[in-house]
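Subject: Structure for your review

Dear colleague,

Please find below the structure I promised to send. My notes on what was found in it follow.

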Amino acid sequence: MSTVFENIMSGVWPGRFVWADDLCVAFATIEPTSPGHVLVVPRRPYEAWTDAPSDVAAHLMTVARTIGIAQKAAFGVPRVGLVIAGFDVAHTHLHVIAARDETDVLLSKAAPASEEELDSAMSALRGALLAAGHGAHVPPSMSSAALG
């Protein structure tokens, strides 16, 4: 049985992608806690982040950091939060959250965003990643997890 994230990565369900490489992708959550909130998700479904091999877990953290730096540039925030909970989907995912204050990292604060809000935030984040020299990992189409 496929997870929600496998369906998004395969294109069965829509997604807004900002990062793609051989091991993982990053895409917008439809219920962000702040503009630019993305999920870093391994292409292989590990039920819990502690189930992922050490090299995969380290790679996810490196990608989350890279995206966090781009979020600071794109959204002018003082901090970037990182949350790994895993209760909502049994497929490892890291929440990378542009944070103006501590409340932005509260997943209980998540609320649906409009299509326009999501498109605008992900376009800004993709632009910041491109400006930082990560073009090889920004998918050509925001709607695809395909490698460039």
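Where is Ser34 found? Ser34 sits in the loop that lies between β2 and β3. Please bear in mind throughout that this is a predicted model.

Is Ser34 buried or exposed? Its relative accessibility is 5%, below the 20% limit, so Ser34 counts as buried. The side chain of Ser34 reaches the backbone oxygen of Ala98 at 2.5 Å. Leaving out residues up to four places away in sequence, Ser34 touches Ile97, Ala98 and Asp104.

The sheet

Five strands make up an open sheet, and their order is β1-β2-β3-β5-β4. The pairing is antiparallel. Strands β1 (17–20) and β4 (79–83) stand at the edges with a single partner strand each, so one side of each has no neighbour in the sheet. From one strand to the next, the twist averages 20°.

Within this sheet, β3 (residues 38–42) and β5 (residues 94–99) run antiparallel and are joined by three bridges. Leu39 has His95 in β5 as its bridge partner.

The helices on the sheet

Helix α2 (residues 54–75) lies across β1, β2 (24–28), β3, β4 and β5, and runs at about 20° to β5. Helix α3 (residues 115–131) lies across β1, β2 and β3, and its direction is at about 35° to β1.

The nonpolar cores

In soluble globular proteins, nonpolar side chains tend to be buried together. Here the largest nonpolar core holds 28 residues. Which of them touch the most other members? They are Val18, Trp19, Val40, Ile67, Leu125 and Leu129. At least two residues of this core come from each of β1, β2, β3, α2, β5 and α3. The most is given by α2, with seven residues.

Leu125 may serve as an example from this core. Neighbours within four places in sequence aside, Leu125 is in contact with Val18, Gly36, Val38, Ile67, Ala70, Gln71, Ala74 and Phe75.

There is also a second, separate core of 11 residues, with Met9, Phe17, Phe27 and Ala145 among them.

The aromatic residues

How many aromatic pairs does a search of the whole structure find? The search finds two.

One pair is formed by Phe5 and Phe27, whose ring centres are 5.7 Å apart; the planes stand at 65°, so the pair is edge-to-face. Because Phe5 lies in helix α1 (residues 4–9) and Phe27 in strand β2, this pair ties together parts that are 22 residues apart in sequence. Phe5 counts as buried at 5% relative accessibility, and Phe27 counts as buried at 2%.

The other pair is Phe17 with Phe27. The centres of these two rings are 5.5 Å apart and the planes are at 65°, so this pair is edge-to-face as well. Phe17 belongs to strand β1 and Phe27 to strand β2, so the pair ties together parts that are 10 residues apart in sequence. Both Phe17 and Phe27 are buried. Phe5, Phe17 and Phe27 form one aromatic cluster.

When you open the model, you may wish to begin with Phe27, which is in both the second core and the aromatic cluster.

With kind regards

How values were computed
Residues numbered from 1 in each chain as written. Predicted model: local features only at pLDDT ≥ 70, side-chain atom pairs only at ≥ 80, totals over all residues. Heavy atoms only, no water. Pairing = 2+ DSSP bridges. Helix = DSSP H or I, 4+ residues; strand = E, 2+ residues; numbered from the N terminus. Axes fitted to C-alpha atoms, helices over the stretch in contact; angles between N-to-C directions. Contact = heavy atoms within 4.5 Å. Core = buried A, V, L, I, M, F, W, Y, C linked by side-chain atoms within 4.5 Å. Buried < 20%, exposed > 50% of the residue type's maximum accessible area, 1.4 Å probe, protein only. Phe/Tyr/Trp six-rings, centres within 6.5 Å; stacked < 30°, edge-to-face > 60°. Polar contact = N/O pair within 3.5 Å; in protein donor to acceptor, adjacent residues only side chain to side chain.
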